[in-house]
Amino acid sequence: MLKPDEEIRILMPRVLADEARALARRYDVTLGSIIRKAVADFVRTQDCTTSGQALEPKPRAASSAMSERELDELRSSVSAAVSGATSWASLRDRLAALNLEMVPKGGGLALRTMDTQKEICKASEAGFGYSQLIRRFGEGLPGHPHHWLVERILGEDLIED
């Protein structure tokens with residue numbers, strides 16, 4: 001039986017590892033999150049069990065109350081706002097027209113309503129992770145407490161180019 005925090009070493013072809021890393025960057029999650037989700041999805045679809053109990057992934061805390069249709073609508077609205085934005089200020093204005101705002105949450109961002117301040121979901125669940133937006137605007141969200149992320153993300157881009 002696996003312990004909750006057990007470390008497992010996985011060997012895979014470089015091309016697959018590169019794809020997994022790219023996927024993690026795209027969705028602004030860790031490589032470990034990608035691998036855990038893949039394993040959980042596989043176990044669920046194969047009807048695998050451990051100790052007679054089916055393994056179930058934890059529900060997403062922020063958007064668990066949202067239906068897939070609602071999340072798709074949110075993604076579409078946020079995508080339109082981001083695609084027209086040229087800076088954090090213009091993104092703020094475009095989201096405000098939708099009664100939305102992006103706020104710091106941990107090392108990333110969350111979307112919440114402006115009127116009730118109710119958190120809706122992580123920005124990455126809406127299709128735009130913090131690292132993706134840092135790259136787009138060339139700077140971090142003003143007031144975000146994790147300044148080191150900007151240096152790391154933009155520094156990586158300088159090395160890759």
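Let's start with a pocket: W88, A89, L91, R92, L95, A96, L100, E101, M102, M114, L141 and P142 line the second largest one. Two elements give two or more residues each to that lining, α4 (88–96) and β3 (100–105). Helices here are DSSP runs of H or I with at least four residues, strands are runs of E with at least two, and both are numbered from the N terminus. A pocket, on a 1 Å grid over the protein atoms alone, is an open set of points where a 1.4 Å probe fits, with protein on both sides within 12 Å along at least five of seven lines; a lining residue has an atom within 4 Å of a point.

This is a predicted model, so to speak of local features takes a pLDDT of at least 70, side-chain atom pairs count only at 80 or more, and totals for chains, interfaces and linings use all residues. Residues are numbered from 1 along each chain as its sequence is written, and side-chain values use heavy atoms, with hydrogens and water left out.

Back to the pocket. The space in it comes to about 190 Å³, the volume being what probe spheres set on the points fill, with grid points joined across faces, edges and corners. The most generous contributor is α4, with six residues. By class, the lining has ten nonpolar, no polar and two charged residues. Nonpolar covers Ala, Val, Leu, Ile, Met, Phe, Trp, Tyr, Cys and Pro, charged covers Asp, Glu, Lys and Arg, and the others, Gly among them, are polar.

Now for the sheet. It is open, with three strands in the order β3-β4-β5 and antiparallel pairing; β3 and β5 (119–122) are the edges, each pairing on one side only. Pairing takes at least two DSSP bridges between two strands. Six bridges join β3 to β4 (residues 108–113), and three join β4 to β5. You can follow one register across: V103 stands opposite A110 in β4, and A110 stands opposite K122 in β5.

The hairpins are worth a look too. Between β3 and β4 there are two residues, and G106 takes a positive phi near 60°. Between β4 and β5 there are five, and here Q117 takes a positive phi near 60°.

How far can you trust all this? The predictor's confidence in each residue, pLDDT, runs from 0 to 100. The chain's mean is 80, and 80% of its residues reach 70 or more. Confidence is highest in α4, at 97, and lowest in strand β2 (residues 53–54), at a mean of 44. Residues 51–64 stay under 50, with 22 contacts beyond four places in sequence; contact means heavy atoms within 4.5 Å. Residues 157–161 also stay under 50, with one such contact.
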